[in-house]
Amino acid sequence: MKHIILGTAGHVDHGKTELIKALTGIETDRLKEEKERGLSIELGFAHFDLPNGMRIGVVDVPGHERFIDTMMAGAHGIDIALLAVSAKEGVQPQTREHLEALNLLEIRRGVLVLTMRDLTDDEETEFALEEARETLEGTSLAGIPAAAVSARTGEGMDELKRLIEETAMRAAEEEPEEDGVPTLPVDRVFILDGIGAVVTGTLRGGYLEEGESVVLWPEEIEARVRSVHTHGKNVPRAGPGQRAALNLAGVRRSQLSRGQVVTLPNHGRLATRIDVDLRIAGGYPRIVERWTRARLHIGTAETFCRIVPLAEDAVLLPGESGSAQLRTEKPIFAHRGDRFLIRNDSIQRILGGGRILDPIAPIYKRSSPASPAALQIMSGGSDEAVLLHLLTRGNDPFFPVESLSVYFPMRRRRRKQWIDALEAERRLLQAGAFLIEAGRFQQLQHEIETTLQNFHEQNPLASGMGSSELRNAVESPVSETAFEWTLNRSAEAGVIERDGNLARLSGRQIEFDEAADALRAELERRLQNAGLAAPSEAELNERYGLELVNALTQLGTLVKIADGYWIHRSTYEETLQKLRAAFQTQERMDIAAFRELTGASRKYALPFLEHCDQQGWTLRVGNARKASQRFLSSQTPS
């Protein structure tokens, strides 16, 4: 059964804490100052069981305007709002502000409670109820059921519990996200003697289990869940919608604070630019212009931000909705779809709220503003449409897989299954740590083919183009790792051929014109006659050009023994045959013996023997070489 969180809202002194005590038997005011003044300052937590056996977690928020930030931290994550209005005083300023917050968070289930029924007559109570219902009109809580109660006498409490039960059952019809990524915004931190550091919060998205490794954002602190507690009991795991206390190992109390988010490793990235659907509060007294500064609340975290409306007129009016980008003053943890609130501290008013569209948003310039079509996809598109948009919007066609977690907060296994299915449908390709949309991969392949074709036309004797040179020549900006994957994939498909660091079109043959063909014949004769005493690199370059030398090497006519040293293939094979025959009668051969065998000077003998070492045909033992078994058993090593 789905776990339900009930959250209070309402003006200070309207009896919220007393009401919760009557419902649960738990005093949520923990601080000495709270008990002395009768004023909630911090969030309070409790729980109770309904007659049907459902356990309800309760978050009691302070009602005083000085603690509105604490109220907004508690409002995130609640399923049912318990809006308390004094039957004696009616709707007050904080009633309206709390209601505005609930409305902007789109909390649609709740119960309206007329408190202090014992202090009013029927007429006063009815008047307060009518006023409260009128106040709810036009909000997400319009039409919620109502009960008039007295926490002191118990009048109306059974009816209130019945309404809460009915509302909770409707909320429970929504299936919990069993396979999502768990996130726990921390709302309380403390140390227990003999146990250690404990953080509490309302868990969303998935399950957290005892023994699991977790990360606390935004500091990216690694920890381990030593134990899990829900409603004061040790449990093996906590699920979506539950109030949970996590005893963490591997962290110090000084590293923990309200506003952090506990989640699984590799399931987050920090955000400083966030595209959002923003609705301006209807009662906000100002126009929201470009670069307005305000305080952003997401989960239990808060930071100042600048608001950049993305509409053409670059302003948002009270009661109006539109797309905007939030530029935060410090990095925050956020997922696509998260709800948020914004408050203007200078005038102590809620400015607006809404839903995150893109937690890793691009920078928009006046010359290249945000596309309305793109914003529409991010706002209302399916997960598949959003993913394909992400894969096609950037200059770099490769999208890092690690960034998917903030757009699609699901367990790795489930996300992998989804991506595999899209790849099977040929919508995208998985390139190691990256994804690329199928059409963009085809475009990149075409760019590579066109670039290589132009290179071959301009360099008919070149055996191929270096991969770094090729990457710099294509139009798409691609990382080295992703480009190597593309070249290998293209080679597997038979589009290109690879030879070490060189790439060429598949089936490409070196073409010699009449002049080059004459030089080739001359170069071959010269190296055949030279034996191992081949001309130097400088001599070859001056007379024939290294392009021709490299071309003949690619064709196999010449063999490169070392940097700047080439010999003819016939000389190479003849020398290897002599070397193999010599090893049939002697176990070792030093440089002097090799020189005697081949007639080569030390200048050529040493690099040839080192070449044999590199090929694995000989093994160096002191100043001599031994033949490998592979060399002795083969006919013509190549």
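This is a short guided tour of a predicted model, taken as a series of selections in your viewer.

**Stop 1: the six-stranded sheet**

Start by selecting β1 through β6. These strands form an open sheet of 6 strands, and its order reads β2-β3-β1-β4-β5-β6, with mixed pairing. Now colour β2 (44–49) and β6 (146–148): both stand at the edges with a single partner strand each, so one side of each has no neighbour in the sheet. If you look along the sheet, you can follow its twist, since neighbouring strands are turned by 25° against each other on average, direction ignored.

Next, zoom in on residues 4–10 and 80–86. These are strands β1 and β4, which pair in the parallel sense over 5 bridges. Which residue of β4 stands opposite A9? Show both side chains and you will find L83 there.

**Stop 2: helices on that sheet**

Keep the sheet on screen and add residues 93–104. This is helix α4, lying across β1 and β4 and running at about 145° to β1. Then add residues 157–172, helix α6, which lies across β1, β2, β3 (55–60), β4, β5 (110–115) and β6. Relative to β5, helix α6 runs at about 165°.

**Stop 3: where two helices cross**

Leave α6 selected and bring in residues 16–24, helix α1. The axes of α1 and α6 come within 11 Å and cross at roughly 85°. The two helices are therefore roughly perpendicular to each other. To see the contact itself, show L19, A22 and L23 on α1 together with M157, L160, K161 and I164 on α6. How many nonpolar, polar and charged residues does the contact of α1 with α6 have? By class, there are 6 nonpolar, no polar and 1 charged.

**Stop 4: a hairpin and its next neighbour**

Move along the chain to residues 183–192 and 196–202, strands β7 and β8. They pair in the antiparallel sense over 6 bridges, and V186 has G201 of β8 as its bridge partner. Between the strands of this hairpin sit 3 residues; pick G194, which takes a positive phi near 80°.

Now add residues 243–249, strand β14. Strands β8 and β14 run antiparallel and are joined by 5 bridges. Click on G201 again: in β14, its bridge partner is A244. G201 thus appears in a bridge with V186 and in a bridge with A244.

Before moving on, switch on a surface and look for β8. Is this strand largely enclosed or left open by the rest of the structure? Strand β8 is largely enclosed, because 6 of its 7 residues are buried, where buried stands for under 20% relative accessible area.

**Stop 5: the three-stranded sheet**

For the last stop, select β32, β33 and β34. They make an open sheet of 3 strands in the order β32-β34-β33, with antiparallel pairing. Here β32 (588–590) and β33 (618–621) are the edge strands; each has a single partner strand, so one side of each is left without a neighbour in the sheet. The twist averages 35° from one strand to the next.

Zoom in on β33 and residues 624–627, strand β34, and you will see antiparallel pairing over 4 bridges. One residue pair to label is T618 with A627, its bridge partner in β34.

Finally, add the helices. Helix α17 (residues 569–583) lies across β32, β33 and β34, at about 130° to β32. Helix α19 (residues 602–615) also packs on the sheet, touching β33 and β34, and its direction makes about 110° with that of β33.

Definitions and conventions
Residues are numbered from 1 along each chain as its sequence is written. This is a predicted model: local features need pLDDT of at least 70, side-chain atom pairs count only at pLDDT 80 or more; totals for chains, interfaces and linings use all residues. Side-chain values use heavy atoms; hydrogens and water are left out. Two strands pair if DSSP finds at least two bridges between them. Axes are lines fitted to C-alpha atoms, for helices over the stretch in contact, and angles run from 0 to 180 degrees between N-to-C directions. Contact means heavy atoms within 4.5 Å. Angles under 35 degrees count as roughly parallel, over 145 as roughly antiparallel, 65 to 115 as roughly perpendicular and the rest as oblique. Ala, Val, Leu, Ile, Met, Phe, Trp, Tyr, Cys and Pro count as nonpolar, Asp, Glu, Lys and Arg as charged, and the others, Gly among them, as polar. Buried means under 20% relative accessible area, exposed over 50%, partly exposed in between (1.4 Å probe, protein chains only).
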